[in-house]
Amino acid sequence: MMQSTEIANTQKLSFNDFKKEVLNDYKIARISRECSLLGRREVLTGKAKFGIFGDGKEVPQLAMAKAFKNGDFRSGYYRDQTFMMAIGELTAQQFFAGLYAHADINQDPMSAGRQMGGHFATHSLNENGEWKNLTAQKNSSSDISPTAGQMPRLLGLAQASKIYRNVKGLENHTSFSNEGNEVAWGTIGNASTSEGLFFETINAAGVLQVPMVMNVWDDEYGISVHAKHQTTKESISEILKGFQRDTKNKGYEIFVVNGWDYVQLIDVYNKASKIAREEHVPVLIHVKELTQPQGHSTSGSHERYKSKERLQWEQDFDCVTQMRKWILEFELQDEDGKILKFVDSEEDLINIEKESKKSVSKAKRDAWAAFTGEIKAETKTAISLLTRISEKSSNGTFISKLKNDLETINEPIRKDILVATRKTLRYLKDENFSEKIELQNFIKKYLQEAYSKYSSHLMSETEMATGNILEIAPEYTSEEKLVDARVIMRDNFDAILKKHPEVLIFGEDAGYIGDVNQGLEGLQEKFGEFRVSDTGIREATILGQGIGMAMRGLRPIAEIQYLDYLLYALQIMSDDLATLRYRTFGKQKAPLIIRTRGHRLEGIWHAGSPMGGIINNVRGIHVLVPRNMTKAAGFYNTLLEGDDPALVIECLNGYRLKEELPTNLGDFKTPIGVVETIKQGTDITIISYGSTIRIVEEAVKDLAQVGISVEIIDAQSLLPFDLNHDTVKSIAKTNRLLVVDEDVPGGASAYLLQEIVETQNGYKHLDSKPATLTSKAHRPAYGTDGDYFSKPSAEDVFEKVYEIMHESNPEKFKSLY
């Protein structure tokens with residue numbers, strides 16, 4: 001009773017207000033629970049594909065919602081439906097729309113059906129792709145399924161508040177932060193705390209001292225595996241005690257609370273919010289004694305692995321049951337001796353429960369009607385068209401069967417409509433009448449609409465799309481000024497930092513020493529440690545810092561020291577960053593720039609060329625491969641004018657080479673998706689990128705000595721590649737193609753070959769078989785000889801081209817071997 005009084009007093013609520021709030025919380029908990037129960041039923045009856053729900057976690061999420069303020073961000077996982085309902089960002093009907101995968105952002109505002117139910121998001125962007133005022137709303141970054149995958153992004157969301165509070169020049173960015181008074185709230189299941197991403201993030205947040213509140217929902221199981229197999233001492237808070245701050249050392253504030261104790265939960269969450277928000281100290285809240293009333297998901301039953309005693313305990317200590325019991329038993333005597341209660345009798349709660357059940361049932365029906373209504377209308381149109389076609393076609397019997405099969409499907413999906421109509425078109429291949437044209441147009445339009453529903457927003461479709469940014473050439477003085485190429489990078493970053501106060505550069509060795517190649521030399525001293533900073537050796541959370549800060553209006557440049565180290569962060573790039581715009585139907589973005597260096601490196605672990613693996617895992621991120629530092633600097637300038645994420649791979653062996661210093665640093669722009677012809681030729685086209693271009697140039701000089709004229713094209717950009725189809729124009733002139741790549745066979749070379757021969761129809765102009773020249777299948781052996789015998793050399797290029805020309809004209813180009 002005393003604790004309840006304290007809550008009411010702390011929040012300056014009258015008892016009636018407090019009573020109203022408690023009963024409203026209970027109603028939200030009941031609505032959420034009914035959604036979980038009905039949701040499971042919808043999956044098991046086949047209306048939805050799969051379900052994973054938040055039952056058993058309702059009460060702590062109510063407490064978290066009370067401490068969550070406008071401007072705050074959530075980075076959570078797929079059991080947080082009660083929280084989203086409590087902050088007013090999820091209705092029961094929207095919950096079911098997500099479960100049914102309704103491909104309409106107005107029906108399923110979380111993802112327009114692109115994610116399975118339970119993956120939550122708010123809209124950071126308006127209809128034009130422009131930022132909304134994030135401080136005027138409660139924000140949830142878009143969830144992903146991979147366990148602990150939400151952790152790295154959480155770090156960046158929290159760090160953004162620290163940046164906004166401490167960096168001068170950002171005072172006008174008031175739609176992103178209120179002087180850094182925002183908290184990033186993370187949620188995770190106890191079993192997923194075993195993942196490395198959890199520990200890496202926890203450590204990094206402790207080092208950075210950012211306003212992050214990490215909530216662990218602990219129900220003792222990870223699917224069927226008990227905590228004793230998951231966590232040392234079976235307790236994440238126990239093993240993280242060393243992170244607890246004290247009078248001498250910065251660290252975490254750690255709270256442990258039972259998930260069924262409504263009163264204690266509210267107290268803990270108020271304290272945690274205050275500490276993180278005001279002091280910028282990270283907080284861990286270990287919420288214990290939670291349950292899973294329906295087990296892990298719809299794909300199994302927890303009765304298979306939990307004892308009868310455990311199942312009975314879960315029934316007794318279900319958080320909603322405990323909250324109900326507390327409400328019924330609550331009594332408080334006021335100053336006049338009057339006994340105050342939340343409810344007069346159990347009937348009051350029964351009425352709330354009945355109303356909740358009724359409202360959820362209606363929400364489910366309405367969501368299903370909205371979902372199926374669109375498709376049934378489309379089905380009706382298709383059936384009408386097929387009926388008319390069957391009456392005219394000589395294959396009417398077969399078409400009628402397709403039409404009848406479609407007609408008998410009680411709950412058709414869009415696939416069913418297209419299967420029937422596309423198969424019908426086959427029967428009409430030898431016939432011509434108006435209905436056939438109508439069918440062709442129907443299918444084409446349907447596929448176009450399907451693209452918008454299921455394939456749009458991979459990259460920016462706004463005015464800030466990088467394809468809209470025009471090239472600006474570097475400008476030079478009349479007198480050539482040659483410098484080490486690293487100076488161009490350094491001075492261009494200097495210009496960027498002056499021009500864009502929201503730009504931050506960070507990574508291993510990026511700060512104090514100005515990166516290992518001195519491309520940031522002196523910039524930390526000039527712009528301060530918040531804007532140019534060192535990080536620990538933790539690639540995944542370096543990426544996470546960048547993602548989270550980019551989602552809050554900053555323009556981070558996250559440095560991964562070498563390209564091969566990107567593999568540590570590839571999962572986060574692939575599952576989170578690359579899919580963000582797509583999985584939110586264009587309602588969130590993170591225009592992060594990832595800076596690294598590679599190409600022609602030596603040794604197994606520093607080969608610098610795993611391009612095939614990268615480009616096939618990060619669709620949704622630009623992959624740029626400049627051959628020199630001027631081109632690289634131009635890419636950074638271009639990217640900062642756009643709103644897409646990108647990976648820029650600088651040439652490690654190019655920093656000490658001489659390049660002419662441009663005078664328009666920070667302004668010249670390298671176009672994205674545009675190739676460059678760097679030497680004209682007539683006999684064969686060679687396309688390559690990065691440092692390998694220099695190998696090709698060396699070989700081409702020797703080839704000229706034997707009468708072979710080579711045209712050299714620098715790809716410059718792999719994702720996207722050659723949007724203007726300039727490569728095929730070259731092949732139309734030379735009629736031969738060689739792709740030179742330092743990746744393994746079938747890597748980036750295979751990708752480029754497909755783009756040129758298939759997408760650009762380059763096959764039409766070829767007089768010789770298109771060829772590739774790649775590294776060996778293994779990673780390079782160490783040393784210069786290892787590089788020579790593992791990757792393409794100038795001699796390899798010479799002999800490959802000569803071989804192609806020998807086949808074409810064996811009399812002129814006699815065999816070398």
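Q94 touches E89, Q107, D108 and P109 when residues up to four places away in sequence are not counted, a touch or contact being heavy atoms within 4.5 Å. Q94 is found in helix α5 (residues 92-99); helices (H or I, at least four residues) and strands (E, at least two) are DSSP runs, numbered from the N terminus. The side chain of Q94 also reaches the backbone nitrogen of T91 at 3.0 Å. Such a polar contact is a pair of N or O atoms within 3.5 Å; within protein, one must be able to donate a hydrogen and the other to accept it, and residues adjacent in sequence count only if both atoms are side-chain atoms.

The model is a predicted one, in which local features need pLDDT of at least 70 and side-chain atom pairs count only at pLDDT 80 or more, while totals for chains, interfaces and linings use all residues. Residues are numbered from 1 along each chain as its sequence is written, and side-chain values use heavy atoms, with hydrogens and water left out.

Helix α14 (residues 414-427) makes a handy check on geometry. Its 14 residues should span 20 Å at 1.5 Å a residue, and the end C-alpha atoms are 21 Å apart, which agrees; the expected span is 1.5 Å times one less than the number of residues. The buried residues of α14 are R414, I417, L418, A420, T421 and T424, where buried means under 20% relative accessible area, exposed over 50% and partly exposed in between (1.4 Å probe, protein chains only). These buried residues cover an arc of only 165 degrees around the axis, so they sit on the same side of α14; the arc is that of the directions from the helix axis to the C-beta atoms. They pack against α12 (346-392), α13 (396-407) and α15 (434-454). The face turned away from this buried side carries the exposed residues K415 and R426.

Further along the chain, an open sheet of 5 strands follows the order β19-β21-β20-β23-β24, with mixed pairing; two strands pair if DSSP finds at least two bridges between them. Because β19 (676-679) and β24 (771-773) stand at the edges with a single partner strand each, one side of each is left without a neighbour in the sheet. The twist averages 25 degrees from one strand to the next. Strand β19 runs antiparallel to β21 (residues 710-714) and is joined to that strand by 3 bridges, with E676 standing opposite D714 in β21. Helix α27 (residues 794-808) packs on the sheet, touching β20 (684-688), β23 (737-740) and β24, and its direction makes about 165 degrees with that of β24. Axes here are lines fitted to C-alpha atoms, for helices over the stretch in contact, and angles run from 0 to 180 degrees between N-to-C directions.

The loop between β22 (717-719) and α24 (726-734) contains P720, and the peptide bond from L719 to P720 is cis, with omega near -5 degrees. D722 lies in that loop too and counts as buried at 0% relative accessibility. The side chain of D722 reaches the backbone nitrogen of D726 at 2.9 Å. Leaving aside neighbours within four places in sequence, D722 is in contact with G673, V675, T727 and Q760.

Most residues other than glycine have a negative phi, and most peptide bonds are trans. D515, in the loop between β12 (503-507) and α17 (523-527), has a positive phi, near 75 degrees.
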